[in-house]
Amino acid sequence: MANSSQETSSFMTQANALFRKNLIFQKRNIKTNIRLVMFPIIVCSLTVILQIFVTKNLKSINKLESCGCVCINENADGNCEKTECGIQHSTLEQMPYCSIPSPPRWPALLQIPSPEFRAVRTNFTPFTDLPDESCRNSGACPATLLLTGLNQSFGISLAANLFASGLDRKSFDNLDSLSNLYLGSDTSTGTTGFLEPAFIGNSPIYNIQPQCAPNSTFFVPVQIASVTIQQEVQCLGSLHLWRQSSSMIKDEIFKGYQDGNSERKINEIVAAFDFLNSDKNNFNVSIWYNSTVKNDDEDSDNKLVRVPRLVNAVSNAYLQLMKGTDVRMLFDFVKEMPKPAKSVFSVDILSDLGALLFTWVILQLFPVILESLVYEKQQKLRIMMKMHGLGDGPYWIISYAYFFFMSFTYVLCLVVFGSAIGLKFFRMNDFSVQFVFYFVYINLQIAFAFLMATSFSNVKTVTVMGHMYVLGSGIIGAALFQKLVQDHSFPRLGLVLLEIFPCFSLYRGLYEFGYSSTTDGMLWKDLRRNGMGEVLIIMVVEWFIVLLIAYYFDQVVSIGSGVRKHPLFFLTNFQKKPSLTSSQPSLHRRGSRVSVPMEKPDVSLEREKVEQLLLEPDFSYYPIICDNLKKMYPGKDGNPDKFAVRGLSLALSRGECFGMLGPNGAGKTSSINMVRTF
Ligand SMILES: *[C@@H]1O[C@H](CO)[C@@H](O)[C@H](O)[C@H]1NC(C)=O
Ligand SMILES: *[C@@H]1O[C@H](CO)[C@@H](O)[C@H](O)[C@H]1NC(C)=O
Ligand SMILES: *[C@@H]1O[C@H](CO)[C@@H](O)[C@H](O)[C@H]1NC(C)=O
């Protein structure tokens, strides 16, 4: 009775069948699939449209947004063939947006208090050497300096040389020549010095001198790129006041400090010098200056402070005291570093939002895989396939390969389409880095889906959970995780722990791609510096671990994959293998070829009875006699022939109530159907 047709089908055959089953399943879901693949394409296209929209609008809302341009090659028909942009074609408002390869030189200025705040005699300071308050009305209050030091006579003679340029104003005809004067301004500084605010706008420049001659105001032409301004230079007298100690100066500065709502008048000085132990052989000075300008409340960017000229002025005073008035230390100019153009056109949506958008796009696959796995369990397809001889191994390998192929195509679509429409997010980064990252990630994602699938048995639950996971991971990633990545004080270990969640490692990787796309793009050598190296290691290790755990749970706790095994099945498997097979005689387990055992005694008894009956002339008492009833499906796709009913012999006597028992696929229905047709 041992049948040669009872061979189990080869791995390739199982693979082939399962693969075709999956393809048919996908064909039925063609609409869902098209929607799925359209998703990255839509997201990419939308970002491009959004990008264009934002750029356009920024341009029209803010007319001053870009560096000035002129047409330098006009056609006969009036169209411009070539435009040239640059600081030389810009108005003062446009200049901040221009690139400045060689920034202009500016004379180093002193910070002078506005006329209405300059120090005067008040009832809250005990000093009577300050000017009378009336000078504020005429705007003629001097620029006050406070001095102290250990040797007063030395200090006073040193201070006598402060701001003494001794130069005639006739000799100043451009900005460079102004550098020889001690110039000051009451404008506030910016965060950069590409354009000195003192020369833009209408405020005068002060020429600080110990004594002002009458009619000493003059104008100097100042050229800033293509614009020429007649800059007014006003003389401003300086007042040097000696104080007994540095603590008195501190007190005076403190009391003169602007006090928001009190009625106290504001008394601002230019600076204070403490000459300490300076003498003929030793120059030791400390300088007080107002650093409040450095950090305005409105924007926390540090502003430049006009201090360098103070240092130069006091050094010159010392030099001149020692060496005579014709010796001086020149301070020609200050100059900012070259400046790249600042332009709204560099707004790149994907560098900020790319991580979030593409996390959503790629995570989208997760619920799809999970649903498909759970669907097979819910519909009992898995158990059915198992009964029909599909082993766990082929099931896993083929499903895995299938999902991998699907994910790979999906991500490939994303990257190819994204690069094709010119998204920097994909274009700038090395493709091999991207390939490895996405390859590892989709593998991890599939393994993770297999793991999750072990604990669910309802497709609806899984659909809802899966989509919540996608949405939630993106939002938490953008709102929280990204902040932690950017916060350099957050411990690295914390990030590593968070990245154990596949959604965060995905987010981190995409974030790094987005970040690199704004600079030079990511190369292999950058992996040491940025978080990508860690992410890849975490994902690879996790992939193996998750896969193992998933297989284990699939065997032990899974609902729907068939027989639940003992939690320690891998230990008992070796010893119990034979008994496991014989406990399920009706299922022909693949790999353990079960030749039909010797017929049980009752079966052979029945067979003999039928054979006996058939020999007798009259067996009308038995309405049903089956003699070796068989049903065989010819093998397809290289599968062996499949017996549905294998030699059933049966004799039922009149009035007998007969029941047929047996597991699924034992052949009950087939037998009865055959009997009915006769
Ligand atoms: C103070 O300085 C003067 C020179 O300006 C010097 O002659 C005098 O000795 C100094 N006094 C002390 C106490 O060092
Ligand atoms: C320092 O500068 C700020 C800003 O210009 C001003 O409001 C403040 O009164 C000044 N303080 C002193 C002590 O001069
Ligand atoms: C400069 O003055 C400070 C403060 O009084 C003092 O500590 C330091 O030793 C002095 N330096 C020299 C070179 O005299």
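**Buried loops, a nonpolar core and two ligand sites**

Outside its neighbours within four places in sequence, Val 270 makes contact with Gln 111, Ile 112, Pro 113, Ala 143, Thr 144 and Leu 145. The model in which these contacts appear is a predicted one. Val 270 sits in the loop that runs between helix H6 (246–256) and S10. With a relative accessible area of 9%, below the 20% limit, Val 270 counts as buried. A further link across the sequence is seen with Arg 118: the two residues are 152 apart along the chain, yet their C-alpha atoms lie 8.3 Å apart in space.

It helps to set this loop residue against the chain as a whole. The protein chain has 678 residues, of which 41% are buried. Its secondary structure amounts to 20 helices and 14 strands. When contacts between residues at least 6 apart in sequence are considered, 71% of them join residues at least 24 apart. The chain exposes about 37,400 Å², and 60% of that area is supplied by carbon and sulfur atoms.

A second loop residue, Phe 163, is found between helix H4 (152–159) and helix H5 (175–178). Its relative accessible area is 2%, so Phe 163 is buried. Residues up to four places away in sequence aside, Phe 163 touches Leu 110, Leu 145, Tyr 182, Ile 208, Gln 209, Pro 210, Ser 238, His 240 and Ala 313. Leu 145 thus appears in the contacts of Phe 163 and also in those of Val 270. Ser 238, one of the residues touched by Phe 163, is 75 residues away along the chain, with a C-alpha separation of 8.1 Å. The backbone of Phe 163 also deserves a look, as its phi is near 65 degrees, a positive value in a residue other than glycine. For context, most residues other than glycine have a negative phi.

Attention now turns to the largest nonpolar core, which holds 74 residues. Within this core, Phe 358, Phe 426, Phe 437, Tyr 438, Leu 510 and Phe 513 touch the most other members. Helix H13 (residues 431–453) gives the core its largest share, 14 residues. In soluble globular proteins, nonpolar side chains tend to be buried together. Tyr 438 offers a view of the packing: beyond its neighbours within four places in sequence, Tyr 438 is in contact with Ile 362, Val 411, Val 415, Phe 425, Phe 426, Leu 510 and Phe 513. Among these partners, Phe 426, Leu 510 and Phe 513 are themselves listed with the residues that touch the most other core members.

Helix H13 also carries a polar residue, Asn 443. Asn 443 has a relative accessibility of 3% and therefore counts as buried. Its side chain is joined to that of Tyr 400 by a polar contact of 2.8 Å. Apart from neighbours within four places in sequence, Asn 443 is in contact with Tyr 400, Phe 404 and Trp 543.

The ligand sites complete the description. Ligand 3 has Leu 276, Asn 277, Asn 282 and Asn 284 around it. By class, this shell comprises one nonpolar residue, three polar residues and no charged ones. Oxygen atoms of ligand 3 lie 2.9 Å from a side-chain N or O atom of Asn 277, 3.3 Å from one of Asn 282 and 2.3 Å from one of Asn 284. On its own, ligand 3 has 360 Å² of accessible area, and the protein covers 34% of it.

Leu 276, a member of the shell around ligand 3, is placed in the loop between strand S10 (271–274) and strand S11 (286–288). Leu 276 counts as partly exposed because its relative accessibility is 29%, between the limits of 20% and 50%. Its phi is positive, at about 50 degrees, although Leu 276 is not a glycine.

Ligand 1 is surrounded by Asn 151, Ser 153 and Phe 154. An oxygen atom of ligand 1 is placed 2.3 Å from an N or O atom in the side chain of Asn 151. The protein covers 34% of the 360 Å² of accessible area that ligand 1 has when taken alone.

Key: Residues are numbered from 1 along each chain as its sequence is written. Chains are lettered from A and ligands numbered from 1 in the order in which they are written. This is a predicted model: local features need pLDDT of at least 70, side-chain atom pairs count only at pLDDT 80 or more; totals for chains, interfaces and linings use all residues. Side-chain values use heavy atoms; hydrogens and water are left out. A nonpolar core is a set of buried Ala, Val, Leu, Ile, Met, Phe, Trp, Tyr and Cys residues joined through side-chain atoms within 4.5 Å. Buried means under 20% relative accessible area, exposed over 50%, partly exposed in between (1.4 Å probe, protein chains only). Helices (H or I, at least four residues) and strands (E, at least two) are DSSP runs, numbered from the N terminus. Contact means heavy atoms within 4.5 Å. A residue is near a molecule or strand if one of its heavy atoms lies within 4 Å of it. A polar contact is a pair of N or O atoms within 3.5 Å; within protein, one must be able to donate a hydrogen and the other to accept it, and residues adjacent in sequence count only if both atoms are side-chain atoms. Accessible areas come from the Shrake-Rupley method with a 1.4 Å probe; for residues, only the protein chains shown count as cover. Ala, Val, Leu, Ile, Met, Phe, Trp, Tyr, Cys and Pro count as nonpolar, Asp, Glu, Lys and Arg as charged, and the others, Gly among them, as polar.
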